[in-house]
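Q: Please take a close look at one loop for me, then work outward to whatever surrounds it. Plain talk is fine, but keep the numbers in.

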Amino acid sequence: MHISSKLPIASPLFVRTIPPSPHKINIKKPISPLKLYRPHSQSSFKFPSAAASIIQPDDRTSPPIQLPADLQPELVPKHVAIIMDGHRRWAKNRGLSVQHGYTTGSQKLKQLLLQCRRLGISVLTVFAFSTENWNRPKVEVDLLMSNYEDFIQSFVLEQIMGHGLRFSVIGDKSRLSQSLQSTVAASEELAKANRGLHFIMALSYSGRQDIVEASKKIANDAEQGKLRSTEISESMFEQQLSTNVTNLPNPDLLIRTSGELRVSNFMPWQLAYAEFYFAAGKMFPEFDDDDFIDALRSFQQRQRRYGGK
């Protein structure tokens with residue numbers, strides 16, 4: 001089977017609704033990653049005022065659900081989590097730059113968000129950058145962070161303002177650049193009253209560290225006499241995890257691309273009863289709508305017993 005190395009052609013929907021990124025990249029010409037990265041602190045980008053974010057959620061957050069005939073609406077997962085893996089390998093296999101892999105992956109993520117809205121999924125969490133990823137070359141890290149900042153400032157903001165998207169970032173935000181921290185904080189503030197699809201990005205995220213930080217909070221309350229050990233429960237612990245930004249913190253379905261068969265320190269507590277789907281041989285930049293539907297079909301064939309009969 002021949003797989004094209006070209007970027008997917010945007011549908012008319014993308015042409016009409018997605019404003020151009022303030023940092024346009026010409027991928028037809030080879031670009032040095034060092035020249036590509038431009039600190040956003042020098043950007044003139046400005047977020048809309050808080051007043052401009054007030055929308056009528058009921059008018060924009062509930063598009064008609066569009067399911068394939070063989071999928072049952074009542075069995076659609078409410079929370080889907082995705083480990084977006086394989087950008088570099090996809091690019092390398094095609095003789096393309098790492099930049100090209102990440103740019104193509106961003107286009108796939110846009111398509112995925114729109115598809116989740118159409119299918120009636122409530123929460124989408126993506127593993128965008130792990131704490132371990134900070135060990136990659138600085139040039140690549142800067143490239144990836146610049147790519148995410150552009151993604152949030154353009155597509156995510158458009159979805160927040162026009163379609164009631166809820167948006168959160170979990171992870172150690174203190175390690176992000178001041179510019180990216182500001183972009184995230186402003187976007188979260190604009191989206192906090194929205195009631196549409198909740199899009200959660202795990203950036204500089206470690207599942208184990210999330211558990212450690214939750215444990216510290218509970219231990220601190222106990223030391224101050226605010227809490228007795230007999231009062232500690234799973235639900236209380238869960239409220240201290242970073243995923244408390246949503247009322248559906250535990251994914252029903254985890255999808256991982258690239259063929260790797262592990263969770264890589266992603267939401268170990270929250271995935272306790274999730275169904276896993278490994279997209280063998282599919283790197284994230286080539287993961288398309290049909291692949292996502294295949295994952296949902298697999299999910300709907302599972303018997304979810306939660307330890308019971």
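**The loop and its surroundings**

A: Met267 is buried, and thoroughly so, with a relative accessible area of 0%. This is a predicted model, so keep that in mind as we go. Met267 sits in the loop between S5 and S6, and its phi is near 50 degrees, a positive value in a residue other than glycine. That catches the eye because most residues other than glycine have a negative phi. Ser264 is another case: its phi is near 55 degrees, again positive without being a glycine. Ser264 lies in the loop between strand S5 (253-257) and strand S6 (275-279). While Met267 is buried, Ser264 counts as partly exposed at 29% relative accessibility.

Now for some charges. Arg262 pairs with Glu260 in a salt bridge, with the closest N and O atoms 3.0 Å apart. Arg262 is partly exposed at 46%, and Glu260 is also partly exposed, at 22%. The pair belongs to something wider: salt bridges with shared partners link Asp85, Arg89, Arg256, Glu260 and Arg262 into one network. In total, the structure holds 19 salt bridges.

Asp85 takes us to the second largest pocket, which has a volume of about 540 Å³. It is lined by 25 residues, and the closest to its centre are Met84, Asp85, Gly86, Asn133 and Arg136. Helix H4 (87-93), helix H5 (98-119), strand S2 (123-130) and helix H6 (138-163) each give at least two residues to that lining. Sorted by class, the lining has ten nonpolar, eight polar and seven charged residues.

Helix H6 deserves a stop of its own. Within it, Asp142 and Lys138 are four residues apart, which puts about one helical turn between them. Their side chains meet in a salt bridge, 2.6 Å from N to O. The two ends of that pair sit in contrasting settings: Asp142 is buried at 17% relative accessible area, whereas Lys138 is exposed at 62%.

H6 matters for the nonpolar packing too. The largest nonpolar core has 52 residues, and those touching the most other members are Ile82, Leu124, Phe167, Phe199, Met201, Ile255 and Phe292. H6 gives the most to this core, twelve residues. Take Met201 as an example: setting aside neighbours within four places in sequence, it is in contact with Val126, Ala128, Tyr148, Ile152, Phe167, Ser168, Val169 and Ile170. Apart from that core lies another, of 13 residues, including Val123, Ala202, Phe266 and Ala274. As background, nonpolar side chains in soluble globular proteins tend to be buried together.

Last stop, further along H6. Met161 lies in this helix and counts as buried at 19% relative accessibility, a close call since the cut-off is under 20%. The C-alpha atoms of Met161 and Leu190 are separated by 7.9 Å, although these residues are 29 apart along the chain. Another link across the sequence is a salt bridge between the side chains of Lys173 and Glu188, at 3.2 Å from N to O. Lys173 is in the loop between strand S3 (166-170) and helix H7 (178-191), and Glu188 is in helix H7, so the pair ties together parts 15 residues apart in sequence. Lys173 itself is partly exposed, at 28%.

Conventions:
Residues are numbered from 1 along each chain as its sequence is written. This is a predicted model: local features need pLDDT of at least 70, side-chain atom pairs count only at pLDDT 80 or more; totals for chains, interfaces and linings use all residues. Side-chain values use heavy atoms; hydrogens and water are left out. On a 1 Å grid over the protein atoms alone, a cavity is a set of points where a 1.4 Å probe fits but cannot get out, and a pocket is an open set with protein on both sides within 12 Å along at least five of seven lines; lining residues have an atom within 4 Å of a point. Grid points are joined across faces, edges and corners, and a volume is the space filled by probe spheres set on the points. Ala, Val, Leu, Ile, Met, Phe, Trp, Tyr, Cys and Pro count as nonpolar, Asp, Glu, Lys and Arg as charged, and the others, Gly among them, as polar. A salt bridge is a side-chain nitrogen of Lys or Arg within 4 Å of a carboxyl oxygen of Asp or Glu. Buried means under 20% relative accessible area, exposed over 50%, partly exposed in between (1.4 Å probe, protein chains only). A nonpolar core is a set of buried Ala, Val, Leu, Ile, Met, Phe, Trp, Tyr and Cys residues joined through side-chain atoms within 4.5 Å. Contact means heavy atoms within 4.5 Å.
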